[in-house]
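Student: Got a minute to go through this model with me? I'd like to start with how the strands pair up.
Tutor: Sure, let's put it on screen.

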Amino acid sequence: GTPMPKIGQEITRNCVIFCDSNYCDLFRTDDQCRFCNLHPTKGGYEGEVVLGKKASQIADTMAAALEELPSRVFLMTGGILPDRREIGRYAEILQAVKERTGRDTLESEATIAAPTDFKEIDLLAEVGYTRVNMNLEVWDRNIFAGICPGKAKRIGWERWLEALEYAAARLGRGCVRSVFVSGIEPMSSFLEGVDYLASKGVFAFANPWCPDPGSLMEGHRPPYPFWHRELARKMVDTWQRHELTFSQLARFAAI
């Protein structure tokens, strides 16, 4: 009785995204990422999407999507839950999807905050996730601490890097990505991060900063478009130098 577009949304022709939870525990302690408006805008989604989804609903929706286009990618995302319950939840959901669709393997991604216990990365790999996104957001560790205070306190910049490197070793080069909010830090430090992570087989991907309404950075101004164009060219040069290919990047659903 629930329309499937309220459970999952097609974000590219080949991907269906499921946001398991619009809650992020970092807001509870006022430690949310300063550019994030997940909680302030949550009310705007009421009636448009189901905020508390069942695994069976997600599995039914993905099964229907795969009937229409068998090559579709399954993408799970959501906020940080208390006790980091979201990672185990994502594993359970993919198992439900595989059982519902009868597929042993499925092109799939999990977008998570880096876990402090890397056994949770093993869990995602063992259940069948083929790619993982762990978005550090900011490379400069001092700016990171100011822009992402919750991630800095609960996980830490160095531990996040260790998690990315561990995931790349577990899943393979080109199968791990970390999205950065481009325009919050100097281009030089951003490109330093692109180079370091590419050397480890990890894509550092730029998501141009938009000062979203409801975020603590609402009203600020992002860089001009030419700044983002120059950054994109230099990112591609770095990827090529480290032999990361566009075909690898294109396997990620939301680029």
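Student: OK, in what sense do β3 and β4 pair?
Tutor: Strand β3, residues 73-77, pairs with β4 in the parallel sense over 3 bridges. Strands here are DSSP runs of E of at least two residues, helices are runs of H or I of at least four, and both are numbered from the N terminus. Two strands count as paired if DSSP finds at least two bridges between them.

Student: Before we go on, what kind of model is this?
Tutor: This is a predicted model, where local features need pLDDT of at least 70 and side-chain atom pairs count only at pLDDT 80 or more, while totals for chains, interfaces and linings use all residues. Residues are numbered from 1 along each chain as its sequence is written, and side-chain values use heavy atoms, with hydrogens and water left out.

Student: Fine. Back to β4: which residue there is the bridge partner of F74?
Tutor: S108 is the partner of F74.

Student: And which way do the β4 residues point?
Tutor: From β4, residues 108-111, S108 and A110 point one way and E109 and T111 the other, and all are buried. Buried means under 20% relative accessible area, exposed means over 50%, and partly exposed is in between, using a 1.4 Å probe and protein chains only.

Student: What about β6 and β7, how many bridges there?
Tutor: Strand β6, residues 176-182, and β7 pair over 7 bridges, in the parallel sense. One of the bridge pairs is V181 with N207 in β7.

Student: Why call β7 largely enclosed?
Tutor: Because 5 of the 7 residues of β7, residues 202-208, are buried, the strand is largely enclosed by the rest of the structure.

Student: Switching to helices. V97 in α2, buried or exposed?
Tutor: V97 sits in helix α2 and is buried, with a relative accessible area of 0%.

Student: What does V97 touch, leaving aside neighbours within four places in sequence?
Tutor: V97 is in contact, meaning heavy atoms within 4.5 Å, with I58, A59, M62, F74 and L106. F74 is also the bridge partner of S108 that we just met.

Student: And R170, where is that?
Tutor: R170 is in helix α6, residues 157-171. R170 counts as partly exposed because its relative accessibility is 36%. Apart from neighbours within four places in sequence, R170 has contacts with D122, A125 and E126.

Student: Any odd backbone angles? What's phi at D30 and R84?
Tutor: D30 has a positive phi of about 60 degrees although it is not a glycine. D30 is in the loop between β2 (15-19) and α1 (55-68). R84, not a glycine either, has a positive phi of about 55 degrees, and R84 is in the loop between β3 and α2 (85-101).

Student: Is each of those two buried or partly exposed?
Tutor: D30 is partly exposed, with a relative accessible area of 45%, while R84 counts as buried at 17%.

Student: Last thing, the whole chain. How many helices and strands?
Tutor: The protein chain has 9 helices and 7 strands. Of its 255 residues, 51% count as buried.

Student: And how does the radius of gyration look against a compact globule?
Tutor: The two agree, because a compact globule of 255 residues would have a radius near 18 Å and the chain has 18 Å. That radius is taken over C-alpha atoms, and the globule rule is 2.2 Å times the number of residues to the power 0.38.
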